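Student: I should like to learn how to read a model of this kind, feature by feature. Might we begin with the overall picture and then proceed to the details?

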Amino acid sequence: MRKFALILLIPFLSLAGCGGPSKDKGEKKEVATEQKTDGVDAEQRIKDLGIELITPKPPTANYLKAKTMGNVVYLAGTGPDRPDGTQVVGKLGSEISLEEGIEAARFAGISLLSSLKAEIGDLNRVKNIVRAKGMVNADPSFTQHSQVINGFSDLMVEVFGEKGKHARAAIGMGSLPSNISVEIEMIVELYE
């Protein structure tokens with residue numbers, strides 16, 4: 001008797017389910033659109049800040065500038081690329097000032113945003129800046145590494161708002177490739 005009752009219920013359950021999913025899909029679509037903007041238009045903020053993204057330089061060795069795995073983008077360590085194609089070079093504490101180091105970290109951030117945009121197409125796909133690792137080319141007596149990397153961190157918050165806040169490390173290095181002042185890598189979560 002139970003088998004018979006279940007057989008009779010299956011068509012009704014199927015019919016009841018037909019109307020539901022399409023409505024749910026529409027609701028999910030609206031939620032996803034809301035989540036993508038979160039009230040922050042990163043592309044517009046970049047314009048408002050007067051930031052010009054650059055064409056990312058090709059990798060200098062056998063690696064990728066960015067690699068996407070699922071909804072996470074891993075960005076390779078990037079130096080402080082100026083808009084004119086040069087880089088900020090020199091050791092903090094002996095060759096360049098703290099202010100120049102902060103500016104260098106900001107340039108590295110712009111370079112990372114340029115690589116990120118090249119990888120994902122639209123910066124409004126960013127759900128969170130998850131983590132950054134900032135390396136500072138520093139004289140052994142220099143101790144303001146975190147202030148230098150604030151140039152990067154402040155930029156991420158300017159562009160993405162609260163989504164730009166991230167976990168990070170600010171590490172002093174004895175040297176960096178080509179004597180660049182800073183190198184920064186980051187991990188970014190995308191909306192699915």
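Tutor: Of the 192 residues of the chain, 38% count as buried, where buried means under 20% relative accessible area, exposed over 50%, and partly exposed in between (1.4 Å probe, protein chains only). This is a predicted model, in which local features need pLDDT of at least 70, side-chain atom pairs count only at pLDDT 80 or more, and totals for chains, interfaces and linings use all residues. Residues are numbered from 1 along each chain as its sequence is written, and side-chain values use heavy atoms, with hydrogens and water left out.

Student: How many helices and strands does the chain have?

Tutor: Helices (H or I, at least four residues) and strands (E, at least two) are DSSP runs, numbered from the N terminus. The chain has 4 helices and 5 strands, and from the N terminus on they follow the order α-α-β-β-α-β-α-β-β. As for contacts (heavy atoms within 4.5 Å), 82% of those between residues at least 6 apart in sequence join residues at least 24 apart.

Student: In what order do the strands form the sheet?

Tutor: Strands of a sheet pair through backbone hydrogen bonds, either parallel or antiparallel. Two strands are taken to pair if DSSP finds at least two bridges between them. Here the 5 strands make an open sheet in the order 1-2-5-3-4, with mixed pairing. Its edges are strand 1 (66–69) and strand 4 (167–173), each of which pairs on one side only. On average, neighbouring strands of this sheet are turned by 15° against each other, direction ignored.

Student: Which residues stand opposite V72 and L75 in strand 5?

Tutor: Strand 2 (residues 72–78) pairs with strand 5 (residues 182–190) in the antiparallel sense over 5 bridges. V72 lies opposite E189, and L75 lies opposite M186. Strand 2 also pairs with strand 1 in the antiparallel sense, over 4 bridges; there V72 is the bridge partner of M69. Strand 2 is mostly covered, since 6 of its 7 residues are buried.

Student: Where in the chain does one find positive phi values in residues other than glycine?

Tutor: Most residues other than glycine have a negative phi, and most peptide bonds are trans. S178 has a phi near 55°, and N179 has a positive phi of about 65°. S178 lies in the loop between strand 4 and strand 5, as does N179. S178 is exposed, at 64% relative accessible area, whereas N179 is partly exposed, at 33%. Among the glycines, G70 takes a positive phi near 65° in the hairpin of strand 1 and strand 2, which has 2 residues between the strands. G121, just after helix 3, takes a positive phi of about 90°.

Student: What is the expected span of helix 3, and which strands does helix 3 lie across?

Tutor: The expected span of a helix is 1.5 Å times one less than its number of residues. For the 23 residues of helix 3 this gives 33 Å, and the end C-alpha atoms are 33 Å apart, which agrees. Helix 3 (residues 98–120) lies across strand 1, strand 2, strand 3 (126–137) and strand 5, and runs at about 40° to strand 5. Axes are lines fitted to C-alpha atoms, for helices over the stretch in contact, and angles run from 0 to 180 degrees between N-to-C directions.

Student: At what angle do helix 3 and helix 4 cross?

Tutor: Their axes come within 7 Å and cross at roughly 45°. Helix 3 is therefore oblique to helix 4, because angles under 35 degrees count as roughly parallel, over 145 as roughly antiparallel, 65 to 115 as roughly perpendicular and the rest as oblique. The contact includes G101, A105 and G109 of helix 3, with G151, L155 and M156 among the residues of helix 4.

Student: Is M156 buried or exposed?

Tutor: M156, in helix 4 (residues 145–160), counts as buried at 0% relative accessibility. Leaving aside neighbours within four places in sequence, M156 is in contact with G109, L113, I129, G161, G164, H166 and M186. M156 and I110 are 46 residues apart in sequence and 9.1 Å apart in space, C-alpha to C-alpha. One of the contacts of M156, M186, is the residue opposite L75 in the sheet.
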